[in-house]
Amino acid sequence: MDTFARFAFFTIARDAGVSTLAAGILMLAYSFNPPLALVLGASVAMFFAGIMLVRAFFMSEDRVVTTEPWQVMEPEQRPIGDAGRAVACERFETMLLSAAKRASGIASVMFGLGLLLSWA
């Protein structure tokens, strides 16, 4: 994995961790009602997935240079030229879409469990 991909991965992982912490706090606060707690956690996961989709939709070769992974890297570590920016943009967009896919899958499972618990 190259340097840009590593920084992009850890940036997305940090964002996912913050979302997980927020969902965990909400779910703990509503633990007296497990179906509601699961629906709240799923809603946070879907919100995270939506944010990742919006970020991926607006990602372009010009905007990739304003992202955190690009800014954190030393100038000599950054991908070189227009082709390097295009590869970095494509890789970051793919990582954002992958995170959105995983978050929506987790949200679907949590919505389903909340529905099953509400019927029980």
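Throughout this passage, a residue is called buried when its relative accessible area is under 20%, exposed when that area is over 50%, and partly exposed in between, as computed with a 1.4 Å probe and protein chains only. The structure is a predicted model, in which local features need a pLDDT of at least 70 and side-chain atom pairs count only at pLDDT 80 or more, whereas totals for chains, interfaces and linings use all residues. Residues are numbered from 1 along each chain as its sequence is written, and side-chain values use heavy atoms, with hydrogens and water left out.

Helices are DSSP runs of H or I with at least four residues, strands are runs of E with at least two, and both are numbered from the N terminus. Helix 4, which covers residues 81-119, has 39 residues and spans 57 Å from its first C-alpha to its last, close to the 57 Å expected at 1.5 Å a residue; the expected span is taken as 1.5 Å times one less than the number of residues in the helix. The buried residues of this helix are G84, A88, C89, F92, M95, L96, A99, A100, A103, A107, M110 and G114. Their cover includes helix 1 (3-29), helix 2 (34-57) and helix 3 (68-72), where contact means heavy atoms within 4.5 Å.

A nonpolar patch on the surface is formed by V109, L113, L115, L116 and W119, which together have about 550 Å² of accessible area. Such patches are made of residues with over 30% relative accessible area and no salt bridge, like charges being joined within 9 Å and nonpolar side chains (Val, Leu, Ile, Met, Phe, Trp, Tyr) within 5 Å. The areas come from the Shrake-Rupley method with a 1.4 Å probe, and for residues only the protein chains shown count as cover. Within the patch, W119 lies in helix 4 and counts as exposed because its relative accessibility is 65%.

The structure holds 5 salt bridges, a salt bridge being a side-chain nitrogen of Lys or Arg within 4 Å of a carboxyl oxygen of Asp or Glu. Side chains of opposite charge can pair when their charged atoms come close. One of these salt bridges joins D2 and R91, with the closest N and O atoms 2.8 Å apart. Because D2 lies in the segment before helix 1 and R91 in helix 4, this pair ties together parts that are 89 residues apart in sequence. D2 is partly exposed, at a relative accessible area of 35%, and R91 is likewise partly exposed, at 34%. The C-alpha atoms of D2 and P79, which are 77 residues apart along the chain, are separated by 9.5 Å. The side chain of D2 also reaches the backbone nitrogen of A5 at 3.0 Å. This is a polar contact, defined as a pair of N or O atoms within 3.5 Å; within protein, one atom must be able to donate a hydrogen and the other to accept it, and residues adjacent in sequence count only if both atoms are side-chain atoms.

A further salt bridge is formed between the side chains of E68 and R14, at 3.0 Å from N to O. With E68 in helix 3 and R14 in helix 1, the pair ties together parts that are 54 residues apart in sequence. Both residues are partly exposed, E68 at a relative accessible area of 36% and R14 at 41%. R14, D15, R55 and E68 are linked in a network of salt bridges. Within this network, D15 is placed in helix 1 and is buried, its relative accessible area being 18%. The side chains of D15 and R55 are joined by a polar contact of 3.0 Å, and D15 touches F48, M52 and R55 when residues up to four places away in sequence are not counted.

Within helix 4, the side chains of D82 and R85 meet in a salt bridge of 2.9 Å from N to O. These two residues are 3 apart in the helix, and therefore separated by about one helical turn. D82 counts as exposed at 53% relative accessibility, whereas R85 counts as partly exposed at 23%.

In the loop between helix 2 and helix 3 lies T67, which is buried with a relative accessible area of 11%. The side chain of T67 reaches the backbone oxygen of V64 at 2.7 Å. With neighbours within four places in sequence left aside, T67 is in contact with F4, M59 and F92.
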